Amino acid sequence: MVPCQDTPSVKSTYYARVSVPKELVALMSANHDGELVDNKDDSRKIYCFRQMVPMPSYLIALVVGSLENRVIGPRSRVWSEKEMVDAAAYEFEETETMLKKAEELMGPYVWGRYDLLVLPPSFPYGGMENPCLTFVTPTLLVIAHEISHSWTGNLVTNKTWEDFWLNEGHTVYLERMIARSMFGEKHRQFAAIGGWKGLLEAIETFGATNLLTSLVPRLCDTDPDDAFSSVPYEKGFALLYHLEEQLGGPDIFMGFLKAYIQTFAYSSVTTEDWKKCLYTYFSDKTEILNKPPLRLNNVKRMQDLYKFNGVKNAEIRFRWLRLCLRAQWEKAIPLALEMVTVQGRMKFTRPLYRDLYNFEQAREQTIETFKKNKPCMHPITAALVAKDLHLV
């Protein structure tokens, strides 16, 4: 099985036998399946593992070390070096409570064991949601996020890394719903405020027009590690929270999230798959789902009152035209096409081209305008806009 292609689109079960020195312990992202004598070397022993739930290759995990464990629940142990194990057991004593809360929200936990391994402080992530064996660092105090991955990420997985928000946005949403059920709505709101600030900082770091701030970025010729940030986590959560507010509140929206997991369990999905599921589940509320972020009548009233169409200031005109396009006001199409033609600053040009492309009535004219003006554009701008318009 290993080495294998590293893609989240393919899932498999696995079993393993790992030979290690007798004084060491082997653990994997699978359930323990017994131990054997190593007939080839009596100073070693063989640990057996079996994972019966299909999972992607990025969740295969193996650790060998001088480890001890403490029982912290009926299906959980915490593993660590002996110097850390008692403190770790105390820190994660609420694991079973969180697992039960997650099951109340999402349905049965299908992975069998839920063990924790506390890694050295040099581990670069707060946690890694390996099935049956979550990796954590000594700095991680709450594991609701990693527990949530047992459903959103491990059971239903993003098919490509461009759809990474399906893993992380849903996991943040479920993590905060677990906190809500344990500590109340105010706790969830407080966590969401902190997450929103982190999202704004990430966007400022990348730059507001950087494609890596998109919910579904294009990663052609881009290392997914270079795209890693809080954007898929917090922008994903923000979308789900917005939908929750529009569609009837947390209890109703949790019904959709549970149906989404049941529909796609044991498989990998794209954002388009998720969207179809959303529209199917809320088939009686498609008018709400299709509602533009700003009503067209409101945009027209703003024009009547403030005459923004005639404003020459580039910053104001840019923001105004984006509002108009997102409200699907056809009168703004020629104005936006004019702005992307008469100036070439990418801060303005690329977002406007993307908004025009996303406005179905403007798409064909937008592509024609770009092709006509491409020879007169700066080559860097032309190449990037071509990507924005999905022409390359």
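**Notes on the predicted model: sheets, a helix pair and a pocket**

1. Strands β1 and β4 run antiparallel and are joined by 10 bridges. This comes from a predicted model. Within this pairing, S12 stands opposite M55 in β4. β1 covers residues 11–21, and β4 covers residues 44–56.

2. β4 also pairs with strand β3, residues 31–37, again in the antiparallel sense, here through 5 bridges. One pair to look at on the model is L36 and its bridge partner in β4, I46. The connection from β3 to β4 is a hairpin of 6 residues.

3. Taken together, these strands make an open sheet of 3 strands in the order β1-β4-β3, with antiparallel pairing. β1 and β3 stand at the edges with a single partner strand each, so each has one side without a neighbour in the sheet. From one strand to the next, the twist averages 20°. As background, the strands of a sheet pair through backbone hydrogen bonds, in either a parallel or an antiparallel way.

4. A further open sheet has 5 strands, ordered β6-β7-β8-β10-β9, and its pairing is mixed. Its edge strands are β6 (68–73) and β9, each of which pairs on one side only. The partner of β9 is strand β10, residues 133–136; the two pair in the antiparallel sense over 2 bridges. In that pairing, M128 has F135 of β10 as its bridge partner.

5. Which elements give two or more residues to the lining of the second largest pocket? The pocket itself has a volume of about 1,200 Å³, and its lining is made of 46 residues. The elements in question are β9 (127–128), α3 (144–148), α4 (164–183), α5 (185–206) and α6 (231–247). β9 is thus an edge strand of the sheet in point 4 and a contributor to this lining. With 11 residues, α4 gives the most.

6. The residues nearest the centre of the second largest pocket are Y125, F164, E168, F228 and Y233. Two of these, F164 and E168, fall within the residue range of α4 (164–183), and Y233 falls within that of α6 (231–247). By class, the lining of this pocket divides into 26 nonpolar, 9 polar and 11 charged residues.

7. Two packed helices are described by the angle between their axes and by the distance between those axes. For α4 and helix α7, residues 250–264, the angle is about 135° and the axes are 12 Å apart. α4 is therefore oblique to α7, because angles over 145 degrees count as roughly antiparallel, 65 to 115 as roughly perpendicular and under 35 as roughly parallel, with the rest oblique. The crossing of the two helices, α4 and α7, is left-handed.

8. Where do the positive phi values of K307 and H390 fall? Most residues other than glycine have a negative phi. K307, which is not a glycine, has a positive phi of about 55°; K307 is placed in the loop between α10 (296–306) and α11 (314–326). H390, also a residue other than glycine, has a positive phi near 60°. H390 is found in the segment after α15 (379–388).

Technical notes:
Residues numbered from 1 in each chain as written. Predicted model: local features only at pLDDT ≥ 70, side-chain atom pairs only at ≥ 80, totals over all residues. Heavy atoms only, no water. 1 Å grid on protein atoms, 1.4 Å probe; cavity = no way out; pocket = protein on both sides within 12 Å on 5 of 7 lines; lining within 4 Å. Points joined across faces, edges and corners; volume = space filled by probe spheres on them. Helix = DSSP H or I, 4+ residues; strand = E, 2+ residues; numbered from the N terminus. Nonpolar A, V, L, I, M, F, W, Y, C, P; charged D, E, K, R; others polar. Pairing = 2+ DSSP bridges. Axes fitted to C-alpha atoms, helices over the stretch in contact; angles between N-to-C directions. Left-handed = near helix turned anticlockwise from the far one by under 90°.
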